[in-house]
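Before reading on, please look over the sequence and the structure shown here. The questions that follow ask how certain labels are earned, and each answer sets a value against its cut-off.

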Amino acid sequence: NNNNNNNNNNNNHFQSPNIRRSQNDRDFDFINTQRWLFACEGIVNGNIPALIEYLRNGGSKYRNITAMDHAQLSNLEMDDSGMLMYIINIGDNLVELATKVGDSQITDLLLNYSEDDTDEMWDERIENYNTMKEDKEKKEKEARDARALEREKRSELWIKASFGALTGDAPPIIEYLNFGGNPNRKATLSEKEIFNIYLKEIDYDGFLFLPLGM
């Protein structure tokens, strides 16, 4: 009996490290998978720290998205445009995903990545990326603001041109057309309201039909 007890104790002694290693392996796989999923999402959303965290911990940029990965990614928070699941396909790797997103800076980061890269090299790349990203966002905002001002200006000229058509005043019509205005453009709801206010101010008793829509 003593021998049996000793054997059982010995078996338990030799099994415990294996059990611990198995648990550690599962924990590592879970953490690494989470890093991988957040790296995929990070490429779409421009979250570079999540991508770097994955690569710096031994992640492969050529790892492929599995069906299970795709299902889990569908549960992650979408980016503002909601485009995450529209561009991620089973079998994609990080380089292919970055190419789909069209972010050349992230693509360059991935293509130039090496396991021998130092932290200083990555810090410099991240700083450069953030600077270029800020410049890009600034230019995009300036472009949006410019388009908004152009729409506002065109609407203003169109209203003046319409008043000109109503009162027989040609210069506002010519100015609108020279600005590239569409002579067949229809009134928006807000523009029609402006017309109604104007007609009341000038005590216009005639009939004016302004169709809504673009």
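## How the labels are earned

In this predicted model, the side chains of Arg-35 and Glu-53 meet in a salt bridge, with 3.4 Å from N to O.

Q: Why is the contact between Arg-35 and Glu-53 called a salt bridge?
A: The term asks for a side-chain nitrogen of Lys or Arg within 4 Å of a carboxyl oxygen of Asp or Glu, and the N to O distance between Arg-35 and Glu-53 is 3.4 Å, so the pair qualifies. Arg-35 belongs to helix 1 and Glu-53 to helix 2, so this pair ties together parts that lie 18 residues apart in sequence.

Q: What makes Glu-53 count as buried, partly exposed or exposed?
A: Glu-53 has a relative accessible area of 38%, and because buried means under 20% and exposed means over 50%, Glu-53 is called partly exposed.

Q: Why is Ile-52 called buried?
A: The relative accessibility of Ile-52, a residue of helix 2 (residues 48–56), is 4%, and since the label applies under 20%, Ile-52 counts as buried. Leaving aside residues up to four places away in sequence, Ile-52 touches Trp-122 and Ile-126.

Q: How do you know that Asn-32 is buried?
A: Asn-32, which is placed in helix 1 (residues 2–45), has a relative accessibility of 16%, and because this value is under the 20% limit, Asn-32 counts as buried. Residues up to four places away in sequence not being counted, Asn-32 touches Tyr-54, Asn-57 and Arg-63.

Q: What makes Lys-141 and Asp-145 a salt bridge?
A: The closest N and O atoms of Lys-141 and Asp-145 are 2.9 Å apart, and because the limit is 4 Å, this pair also earns the name. Both residues lie in helix 7, where they are 4 residues apart, about one turn of the helix.

Q: How do you know that Glu-156 and Lys-160 are separated by about one helical turn?
A: The two residues are 4 residues apart in helix 7, which means a separation of about one helical turn, and their side chains meet in a salt bridge of 3.3 Å, N to O.

Q: What makes the patch formed by Glu-134, Asp-135, Glu-137 and Glu-140 a negative one?
A: Because Asp and Glu count as negative, the surface patch formed by Glu-134, Asp-135, Glu-137 and Glu-140 is called negative. Glu-137, found in helix 7 (residues 119–167), has a relative accessible area of 41%, so Glu-137 meets the requirement of over 30% for patch residues.

Conventions. Residues numbered from 1 in each chain as written. Predicted model: local features only at pLDDT ≥ 70, side-chain atom pairs only at ≥ 80, totals over all residues. Heavy atoms only, no water. Buried < 20%, exposed > 50% of the residue type's maximum accessible area, 1.4 Å probe, protein only. Contact = heavy atoms within 4.5 Å. Patch = residues over 30% accessible without salt bridge, like charges linked within 9 Å, V, L, I, M, F, W, Y side chains within 5 Å. Areas by Shrake-Rupley, 256 points an atom, 1.4 Å probe, with all protein chains shown as cover. Charge placed at Lys NZ, Arg CZ, Asp CG, Glu CD.
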